[in-house]
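A fresh page in the notebook, and a new model to look through. I will jot down what I looked up, entry by entry, with the cut-offs alongside.

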Amino acid sequence: MTGVGSHGLVGVLLLAVMMAGCSAGPSESDGAPPTPAPGRLVYLTESCPTCHGRDRMGTNTGPPLQHLRSRWEGPKLVRFLHGPAPFKQADARLRGISERYRSDMPAMFSADEGRVQVLVQYLLGD
Ligand code: HEC
């Protein structure tokens with residue numbers, strides 16, 4: 001008799017522990033906007049927004065990134081992201097922008113090629 005009672009209690013406790021485990025994990029859907037496009041996800045997870053702003057409007061450490069399509073084409077932008085320094089030497093406009101900011105655009109050394117490709121598609125897509 002008492003055995004049945006304590007089994008029931010154990011069951012309730014287990015259930016409580018399991019539920020607590022579920023709700024204690026990081027919740028991904030709570031109030032979050034719909035999942036961003038892959039390229040935007042890369043933009044947000046690399047350090048880009050720190051200097052260029054979440055919505056690419058620029059900050060005091062980096063210029064706005066808008067209408068890039070009029071100045072860049074894909075393969076060139078990929079090369080720029082891997083190593084911006086030579087582009088500044090070759091491009092007076094970039095040098096001019098650069099002078100307004102204290103730190104330089106960092107190279108994306110560690111990002112894999114696929115990530116850079118979708119990032120570039122996103123950057124050129126407006
Ligand atoms: C530490 C600040 C900083 C971070 C982080 C940063 N940038 Fe920049 N970015 C700059 C600055 C400053 C310039 C202007 C050129 C220079 O000084 O190197 C620039 C220039 C650019 C340009 C050229 C803009 C134009 O008008 O042609 C692009 C494109 C760009 N960044 C994209 C990115 C992307 C994508 C990321 C994330 C992977 C990123 N940046 C991360 C500071 C930053």
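**Contacts and overall make-up.** I began with the contact map: residues 24 or more positions apart account for 62% of the contacts with a separation of 6 or more. Two residues are in contact here if their C-beta atoms, placed from the backbone, lie within 7 Å. I then looked up the secondary structure and found seven helices and zero strands, so the order from the N terminus on is α-α-α-α-α-α-α. Helices (H or I, at least four residues) and strands (E, at least two) are DSSP runs, numbered from the N terminus.

**Ground rules.** This is a predicted model, in which local features need pLDDT of at least 70, side-chain atom pairs count only at pLDDT 80 or more, and totals for chains, interfaces and linings use all residues. Residues are numbered from 1 along each chain as its sequence is written.

**Confidence.** I checked pLDDT, the predictor's confidence in each residue, from 0 to 100. The mean for the protein is 84, with 77% of residues at 70 or more. Among the elements, helix H3 (residues 48–52) has the highest mean, 97, and helix H1 (residues 2–24) the lowest, 53. Residues 21–25 have pLDDT below 50, and this stretch has zero contacts in the model beyond near neighbours in sequence.

**Burial and the core.** I call a residue buried if 20 or more other C-beta atoms lie within 10 Å of its own, exposed if 12 or fewer, and partly exposed in between. Buried residues make up 10% of the 126 residues. Which residues form the largest nonpolar core? I listed 10: Val42, Tyr43, Cys48, Leu77, Phe80, Leu81, Met108, Leu119, Val120 and Leu123. H2, H4 and H7 each supply at least two of them. Such a core is a set of buried Ala, Val, Leu, Ile, Met, Phe, Trp, Tyr and Cys residues joined through C-beta atoms within 7 Å.

**Helix H7.** In H7 (residues 113–123), I found Leu119, Val120 and Leu123 buried. They lie on the same side of H7 because they cover an arc of only 100° around the axis, taken from the directions from the helix axis to the C-beta atoms. Their cover includes helix H2 (38–45) and helix H4 (74–82). I also noted Leu41 in H2, with its C-alpha atom 9.3 Å from that of Val118, 77 residues apart along the chain. Leu41 counts as partly exposed because it has 15 C-beta neighbours inside 10 Å.

**Around the ligand.** I counted 26 residues around the ligand, and the closest are Cys48, Cys51, Gly62, Ser98 and Met105. To be near, a residue needs its C-beta atom, placed from the backbone, within 6 Å. H3, helix H6 (92–98) and H7 each give two or more residues to the shell, and H3 has the largest share, four. Cys48 lies in H3 and is buried, because 21 other C-beta atoms lie within 10 Å.

**Two positive phi values.** Where is Arg56? I found Arg56 in the loop between H3 and H4, with a positive phi of about 60° although it is not a glycine. His67 is in the loop between H3 and H4, and its phi is near 50°. Arg56 has 19 C-beta neighbours inside 10 Å, so I logged it as partly exposed. His67 has 10 inside 10 Å, so it went down as exposed.
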